Structure formats: structure tokens, C-alpha cells
Amino acid sequence: MIQVQPPAEVPNPLSVPENAPEHCPVRSDSSISLPTLLTDHKGTESELAGKSDACNGCANQEICASNLPKGPDPSLPFIKERMTTVKRKILVLSGKGGVGKSTFTAQLGWAFAADDRTQVGVMDVDICGPSIPTILGIANEQVHASSSGWSPVFVQDNFAVMSVGFMLPSSHDAIMWRGPKKNGLISQFLKDVDWGDLDYLIVDTPPGTSDEHLSIVQFLKESGIDGAVVITTPQEVAIQDVRREIDFCRKVGIRVLGVVENMSGFVCPSCKTESQIFKPSTGGAKKLAADMSLELLGAVPLDPRIGKSADYGVSFLDEYPDSPATTAYLDIIDRIKEILGD
């Protein structure tokens with residue numbers, strides 16, 4: 001029997017506590033200036049925690065300012081217990097936005113779930129830009145609470161999804177959160193969602209190496225992350241950010257399963273001529289992988305129908321099985337399974 005905390009009410013991501021002090025980091029309209037935030041808001045582990053100007057008025061100021069040792073996050077045992085029923089945990093990362101992380105996550109989920117015996121989950125931790133519900137065709141669904149926790153939304157019987165996108169009153173509503181609220185929601189996604197028995201939990205992440213990424217690493221430290229797939233596009237403006245993402249993985253001890261190059265050339269459906277829309281001016285993902293001693297899992301060519309499938313929430317792999325992009329996706333996914341020993 002999994003030990004869980006009493007199910008929490010599904011929150012409204014746009015709500016702010018009525019009694020939130022002016023400088024509380026959960027407020028979306030905090031008046032802390034950027035210089036003050038960068039210099040004074042050092043976090044709870046800093047020697048200045050609870051003592052800087054940015055902490056004035058915070059309900060936890062006295063606790064942070066005390067010299068008492070700060071204990072471990074109380075949610076960690078519940079997360080560890082919940083994750084005992086998840087076999088594999090895979091992160092989809094990239095330092096750059098717009099390179100196709102969410103699209104790749106969706107195709108990876110659909111490919112795994114094509115086997116009825118395989119139980120798949122996708123957790124969308126791109127808090128400010130949750131596109132997974134739209135890509136998977138479940139944007140109008142809602143999350144419900146039960147005695148065993150929050151119930152994820154199902155794409156099909158063996159394919160569960162959780163995203164903050166299900167909790168928004170409208171798809172047009174902006175989520176303006178600082179780190180603490182983002183971290184809290186990610187923790188709830190891990191400990192309060194009734195994932196059940198999963199063969200794969202795929203985590204779709206936002207660009208960068210900040211709050212969401214650090215939270216995932218911290219929360220899954222005890223239960224373990226099986227590896228990360230790093231997504232890039234061929235041009236140097238993307239490659240330079242992906243190098244930082246790989247450096248992040250190595251610093252926090254995440255195994256990089258390999259690199260995927262998205263939007264790798266375009267083959268004209270009429271004349272069959274290949275064009276380099278995004279020119280790999282510094283060698284693209286192939287050279288990146290060689291320089292960083294990583295495996296290039298594959299290159300997915302541009303196909304306008306990938307974007308069309310994402311907009312309509314259908315599986316590109318099922319809709320266009322003859323596309324070279326589908327072949328590339330499936331070869332990459334087979335290689336990921338092989339690396340994981342599945």
C-alpha cells in the first residue's frame with residue numbers, strides 16, 4: 001500500500017493568498033526590483049536567509065533567520081514512496097526554447113504507449129508554457145481529486161498525463177510565478193498524483209537550467225532518474241545553450257542518454273531536394289555530441305505535418321507512418337529503449 005498524504009484540493013494556479021505580504025515570492029505582482037532580487041534573495045540555504053531586505057514581511061522570515069538546522073523537504077519520503085511504482089524516469093531537456101522538446105516528448109509517449117502492455121506517463125513541468133495538453137489533444141480536460149490523490153488525464157488507457165494546463169480557467173491565462181510556487185506544484189505532481197504502475201514517466205521540461213530543473217533533480221534524487229534526452233536544432237544559437245544544459249546534467253549527476261537533432265534539413269515533397277533551413281554552421285548536433293563525448297541518437301528532418309499534428313492533438317507517428325521524420329523518430333526511440341536495456 002502506497003503511503004500518501006491526504007489528497008490536496010486541485011489548486012488554481014492564478015490564485016494568490018489574500019494575506020500574502022508585499023514581498024512574498026509567491027505573489028505575481030511583487031514589487032521587488034530585479035537588482036534587489038538578484039542580490040538579496042539568496043534562498044533559504046543562504047547565510048542571509050531571513051535577514052535581507054527582500055525577506056521583510058515574509059511569514060517564514062523568523063524561521064529562515066534562525067540558526068536552527070534546516071531539515072529535509074518533508075515531501076521527499078512521499079515522493080519516494082509514490083515513485084516506487086514507476087520503472088523508468090526520463091527527462092527531455094534543452095537549454096534552448098522552441099527546439100521541439102514537447103513535440104518529442106509527445107512522440108516518445110505515443111511510441112511507448114503503442115504497446116498496450118506498456119504503461120506510460122508524461123509530466124509537464126513547463127509551468128509557464130504548458131503545451132503538452134494541446135499536443136496530445138486533451139487541452140479541454142480537467143484534473144480531479146480522489147481518495148488516492150489527483151487523477152491524471154488519460155490520452156488512452158495506458159497513457160496518463162499531468163500538466164498545469166489542465167488547471168487554468170482559460171488557455172489564455174498567464175502563470176506568473178517565482179520559484180517557490182513552481183517547486184511546490186512540481187512536488188505535488190510527484191507525490192499527490194495517482195500515477196499507478198508506470199513503465200515510463202517522461203518529464204517535459206522548460207528551456208534553461210533553473211527552478212524546474214533543480215526541483216526535479218532534488219525531488220527524484222532518492223528514487224533515481226534513468227537519464228535525459230537532450231534536444232537541439234542544428235544552428236549554433238541553439239547549440240551553445242544545449243552545451244550549458246549538458247554541463248548542468250553533469251554537474252547534478254544526470255546521465256545523458258544522447259542528443260537528438262530536430263529540424264535537421266527539409267526534403268521538398270515535390271522535387272525531393274533537401275535544403276538546410278537551419279544551417280549547422282558549427283557542425284550541428286553531430287559535432288556537439290562528438291565534442292561532449294555523447295551519442296547522437298538521431299536527426300529528425302523538418303516536416304510541416306509535425307506542426308499540424310501538434311495543433312490538432314494527434315499522433316504524427318500514426319498519421320504519417322511513411323514520413324522520413326517518423327522513421328527517424330522510431331529509430332531514436334528504439335535506441336533509447338536499447339540504451340535503457342528495455
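# Salt bridges and a helix pair

At 29% relative accessibility, Glu295 counts as partly exposed (20% to 50%; buried is under 20%, exposed over 50%; 1.4 Å probe, protein chains only). The model is predicted: local features need pLDDT of at least 70 and side-chain atom pairs 80 or more, while totals for chains, interfaces and linings use all residues. Numbering runs from 1 along each chain as its sequence is written, and side-chain values use heavy atoms, without hydrogens or water.

**Exercise 1.** Find what joins Glu295 to Arg335, and place both residues.

*Solution.*
1. Their side chains meet in a salt bridge (Lys or Arg side-chain nitrogen within 4 Å of an Asp or Glu carboxyl oxygen). The N to O distance is 2.6 Å.
2. Glu295 sits in the loop between helix H9 (284-291) and strand S12 (296-299). Arg335 lies in helix H12, 40 residues apart from Glu295. Helices (H or I, at least four residues) and strands (E, at least two) are DSSP runs, numbered from the N terminus.
3. Arg335 is partly exposed, at a relative accessible area of 26%.

**Exercise 2.** Name the residues that salt bridges with shared partners join into one network, then examine the pair Asp342 and Arg88.

*Solution.*
1. The network holds Lys87, Arg88, Asp226 and Asp342.
2. Asp342 and Arg88 pair at 3.1 Å, N to O.
3. Asp342 is in the segment after helix H12 (324-340); Arg88 is in strand S1 (residues 86-93). They are 254 residues apart.
4. Asp342 is partly exposed at 38%. Arg88 is buried at 16%.

**Exercise 3.** Buried or exposed: classify each partner of the salt bridge between Asp194 and Arg82.

*Solution.*
1. The closest N and O atoms are 3.7 Å apart.
2. Asp194 is in the loop between H6 and strand S7 (198-204), and Arg82 is in helix H3 (residues 76-82). The separation is 112 residues.
3. Arg82 has a relative accessible area of 4%, so Arg82 is buried. Asp194, at 28%, is partly exposed.
4. The structure holds 16 salt bridges.

**Exercise 4.** Describe how helix H6 packs on helix H7.

*Solution.*
1. H6 (residues 179-191) and H7 (residues 211-219) pack at about 40°, with axes 9 Å apart. Axes are lines fitted to C-alpha atoms over the stretch in contact; angles run from 0 to 180 degrees between N-to-C directions.
2. H6 is therefore oblique to H7 (not under 35, over 145 or 65 to 115 degrees).
3. Contact (heavy atoms within 4.5 Å) involves residues including Lys182, Ile186 and Leu190 of H6 and Glu212, Ile216 and Phe219 of H7.
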